[in-house]
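Welcome, and please open your viewer. We will go through this structure one selection at a time, starting wide and then zooming in.

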Amino acid sequence: MMEKIIATDRYQFTAEDKAEIEHCLHHYDDSRAASIDALKIVQRRHGWVPDNAIAAIAEILGIPGSDIEGVATFYNRIYRQPVGRNVIAVCDSIGCFLVGFEEIYSALKKQLAIQPGQTTADNRFTLLPICCLGACDRGPVLMINDDTHFDVSVEKLDAVLEQYL
Ligand code: FES
């Protein structure tokens, strides 16, 4: 269950999340390696990773916040702003671009009435571009949350979207 947070307060881990991060820390010689695990734990709790959580992770891992920020920026599925209940990430790399990315992206923007990076008014969907998902022979490809959808067409979009409330 996601919990709302206020990004300007000092971030407080739940005891469970803190214990999980400390447990991850024991798996690595270099505490930097636990950064992505810690970011995922925060995101699982809230749906995104606010600035104050970056600072709190840095404190637990004993490394600079800029290192955590760098990892968060590198991984395009770590969200640094609030997102909707479902995140649609559409592959815009060359393989999918050649087989209909633009058509799919335009249809999604029109249907959801949002631009890339935005969230629908009902908080149901956030739309984002993403780079190659490694299934270039099955494009256009998009991900919704952890599900990958292959060979997507405009005709199939309704059926895909209605799986996500
Ligand atoms: S180009 Fe889209 S999955 Fe590789």
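Domain bounds here come from an automatic or database domain assignment. Keep in mind that this is a predicted model.

**Stop 1: the two domains.** Select residues 15–74 and colour them as domain 1, then give residues 86–161 another colour as domain 2. How far apart do the C-alpha centres of domain 1 and domain 2 lie? The distance between these centres is 29 Å.

**Stop 2: the whole chain.** Zoom out and switch to cartoon view. You should find 7 helices and 4 strands. Follow the chain along the sequence and tick off the pattern α-α-α-α-β-α-α-β-β-β-α. Its C-alpha atoms fill a box of roughly 50 × 35 × 25 Å along the principal axes. Of the 165 residues in the chain, 24% are buried. Now think about contacts between residues at least 6 apart in sequence: 60% of them join residues at least 24 apart.

**Stop 3: a pair of helices.** Select residues 35–46 for helix α2 and residues 51–61 for helix α3. Their axes come within 11 Å and cross at roughly 140 degrees. Angles over 145 degrees would count as roughly antiparallel, so α2 and α3 are oblique to each other. The crossing of α2 and α3 is right-handed.

**Stop 4: where they meet.** Show side chains for Ser 35, Ala 38, Leu 39 and Val 42 in α2. Then add Ala 53, Ile 57, Ile 60 and Leu 61 in α3, which meet those α2 residues. What classes of residue make up this contact of α2 with α3? There are 7 nonpolar residues, 1 polar residue and no charged ones.

Notes. Residues are numbered from 1 along each chain as its sequence is written. This is a predicted model: local features need pLDDT of at least 70, side-chain atom pairs count only at pLDDT 80 or more; totals for chains, interfaces and linings use all residues. Axes are lines fitted to C-alpha atoms, for helices over the stretch in contact, and angles run from 0 to 180 degrees between N-to-C directions. Helices (H or I, at least four residues) and strands (E, at least two) are DSSP runs, numbered from the N terminus. Angles under 35 degrees count as roughly parallel, over 145 as roughly antiparallel, 65 to 115 as roughly perpendicular and the rest as oblique. A crossing is left-handed if the near helix is turned anticlockwise from the far one by less than a right angle, and right-handed if clockwise. Two residues are in contact if their C-beta atoms, placed from the backbone, lie within 7 Å. Ala, Val, Leu, Ile, Met, Phe, Trp, Tyr, Cys and Pro count as nonpolar, Asp, Glu, Lys and Arg as charged, and the others, Gly among them, as polar. A residue is buried if 20 or more other C-beta atoms lie within 10 Å of its own, exposed if 12 or fewer, and partly exposed in between; C-beta atoms are placed from the backbone.
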